[in-house]
Amino acid sequence: MFESLQDGIRSALKTLQGKGKLTESNMRDGLALVERSLLEADVSYSVVKDFMAAVTEKALGEKVLLSLDPSQQIVGIVRDELLQILGPVDASLHLNRDVNVLMLCGLQGSGKTTTCGKLARLIQQHGRQCLLVAADLQRPAAVEQLFVIGRQLGLPTYSDPRALDASVDRSKLDPVQVCQDGVKMAHAQQIPVVILDTAGRLAIDQELMQQLVRVEQRVKPDHVYLVVDGMTGQDAVNSAKAFNDALELDGVIMTKLDGDARGGALLSVKHVTGVPIKFIGTGEHLEALEPFRAEGMVSRILGMGDIIGLVDAARQVVDEKQQQEIEARLRAGQFTLDDFRSQLMTVAKPGLIAKMMDLMPGVASLKEMMAGTDAEKDVKRLIGIIDSMTPQERRNPNLIDPSRRNRIAKGAGAQGSEVTLLLKQYDMTRGVMASMAGEGMLGRLKKLRELQTSGLLDPGAKLVREKQGTGKRLTSKEKAELRKKREKDLRRRRREDRGPGG
């Protein structure tokens with residue numbers, strides 16, 4: 001997401017490095033690159049025009065602040081203006097009534113029905129029960145899809161009973177009545193949140209708008225959210241404007257920002273419509289919806305990562321009790337390959353690696369290095385190798401000699417070298433995690449940066465310790481002696497791990 005925009009802004013900043021002052025002369029080329037990168041990201045021309053006018057006015061002629069060079073100062077100016085475009089945003093839902101009705105609308109293909117499930121799951125995580133109402137009687141299988149999602153989440157789903165009868169013409173059914181009956185059901189069963197999945201079209205038409213207006217007038221939803229496809233660029237902005245004119249939207253949920261979305265719609269919607277983006281969809285799975293944070297998104301656009309988002313993402317997948325147990329085992333020197341496997345299983349959750357990479361600061365070069373690789377597949381391959389080991393081998397990897405290594409590789413359908421690389425990765429992970437055990441958040445973030453430079457964030461890579469500069473080129477003899485020393489140290493550590501009688 002936003003890679004072309006990030007590249008353009010980085011190129012602009014390079015033109016300013018080493019300059020002593022922001023002047024019209026040295027700013028012209030840099031600002032032209034920023035403008036071009038925004039237009040290439042499909043940002044609305046009116047937004048680009050206003051944005052560039054504001055940045056130029058603030059930047060030209062400003063004296064460079066103490067300890068800042070022009071490139072650092074322009075980052076601050078660009079950041080402030082991006083925040084002005086995207087924020088402020090209140091992502092809370094304000095579910096203050098006994099029954100709160102949320103109405104979702106949007107064009108076909110925007111991911112509206114799936115987003116109903118994602119939003120319900122998010123609300124569910126905060127201890128609220130939801131009722132899903134399948135009122136999209138237009139798209140084939142939309143009703144069935146919402147019932148499937150409801151079963152996956154363990155949530156009740158309502159629609160006109162006749163809508164599930166294949167012999168019934170759904171176009172004869174009344175979606176407004178479906179919404180009204182769903183809300184009545186929620187009141188009767190004391191379900192605090194109702195999510196209405198309304199009908200969409202391939203394009204905006206009068207019939208669709210009239211139907212949605214009738215739903216809004218009769219049901220009086222507490223919040224109306226538009227679901228838009230972030231990959232459609234200016235079409236997303238145009239549809240947001242049309243829906244807002246008809247319904248007075250409370251917010252936008254932008255989907256498909258995990259794919260080839262260039263970010264133009266994200267930067268344009270609020271400026272053009274005045275409607276804030278409340279949530280963003282970052283994948284196909286039901287957990288891939290997150291509250292929109294303008295500060296975090298601007299940091300990601302500028303290639304600085306989003307530490308708060310990273311911590312929130314980690315909290316969603318980490319079992320704190322299990323993590324505390326593992327840390328205790330680390331401090332006691334008992335971290336085994338079974339523990340390593342449980343950590344890999346956490347990382348292997350669909351889309352998690354890509355999401356964490358997007359949120360981490362300063363990983364542009366690492367992402368380039370990993371381009372074309374399937375990190376999740378590589379993690380699962382590592383898990384398969386561990387599963388091919390005996391319980392004794394997982395508890396004590398020092399038992400794995402060449403014959404055992406070959407047996408493990410054969411059982412996992414892997415190469416012997418992959419088993420060796422796995423054991424090296426395990427040793428490195430154990431060392432880094434042991435140093436993180438008991439650390440506070442700042443200490444862990446520091447270790448996280450060490451993980452980046454060591455290569456541990458590439459689970460399928462041929463991991464080696466980062467080479468440190470020696471100041472001179474080693475001779476062949478010196479390299480051989482250094483290799484012997486490393487092997488000797490490795491054997492010593494393994495003897496210490498086995499303990500007396502091992």
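**Exercise 1. Which residue in β8 does Phe 279 stand opposite? Trace the bridges on both sides of β7.**

Before we start: this is a predicted model, where local features need pLDDT of at least 70, side-chain atom pairs count only at pLDDT 80 or more, and totals for chains, interfaces and linings use all residues. Residues are numbered from 1 along each chain as its sequence is written, and side-chain values use heavy atoms, leaving out hydrogens and water.

*Solution.*
- Step 1: Phe 279 stands opposite Pro 291 in β8. Strands here are DSSP runs (E, at least two residues), helices likewise (H or I, at least four), numbered from the N terminus.
- Step 2: β7 (residues 277-281) and β8 run antiparallel, joined by 3 bridges; Gly 281 has Leu 289 in β8 as its bridge partner.
- Step 3: Turn to β6 (residues 251-255), which runs parallel to β7 and is joined to it by 3 bridges. Ile 253 stands opposite Phe 279.
- Step 4: Check the cover. In β7, 5 of 5 residues are buried (under 20% relative accessible area; exposed is over 50%, partly exposed in between; 1.4 Å probe, protein chains only).

**Exercise 2. Place β7 in its sheet, then find helices that pack on that sheet.**

*Solution.*
- Step 1: Write the order of the 8 strands: β3-β2-β4-β1-β5-β6-β7-β8, an open sheet with mixed pairing. Two strands pair if DSSP finds at least two bridges between them.
- Step 2: Mark the edges, β3 (157-158) and β8 (289-291), each pairing on one side only.
- Step 3: Add helix α8 (residues 206-219), which touches β1 (100-105), β4 (193-197) and β5 (223-229), its direction making about 175 degrees with that of β1. Axes are lines fitted to C-alpha atoms, for helices over the stretch in contact, and angles run from 0 to 180 degrees between N-to-C directions.
- Step 4: Add helix α9 (residues 234-247), touching β1 and β5, at about 160 degrees to the direction of β5.

**Exercise 3. Which residues have the most contacts inside the largest nonpolar core?**

*Solution.*
- Step 1: Recall that a nonpolar core is a set of buried Ala, Val, Leu, Ile, Met, Phe, Trp, Tyr and Cys residues joined through side-chain atoms within 4.5 Å.
- Step 2: The largest has 95 residues, and Leu 86, Leu 119 and Ile 195 have the most contacts inside it.
- Step 3: Helix α4 (residues 70-86) gives the most to this core, with 8 residues.
- Step 4: Leaving aside neighbours within four places in sequence, the contacts (heavy atoms within 4.5 Å) of Ile 195 include Leu 102, Leu 119 and Val 133.
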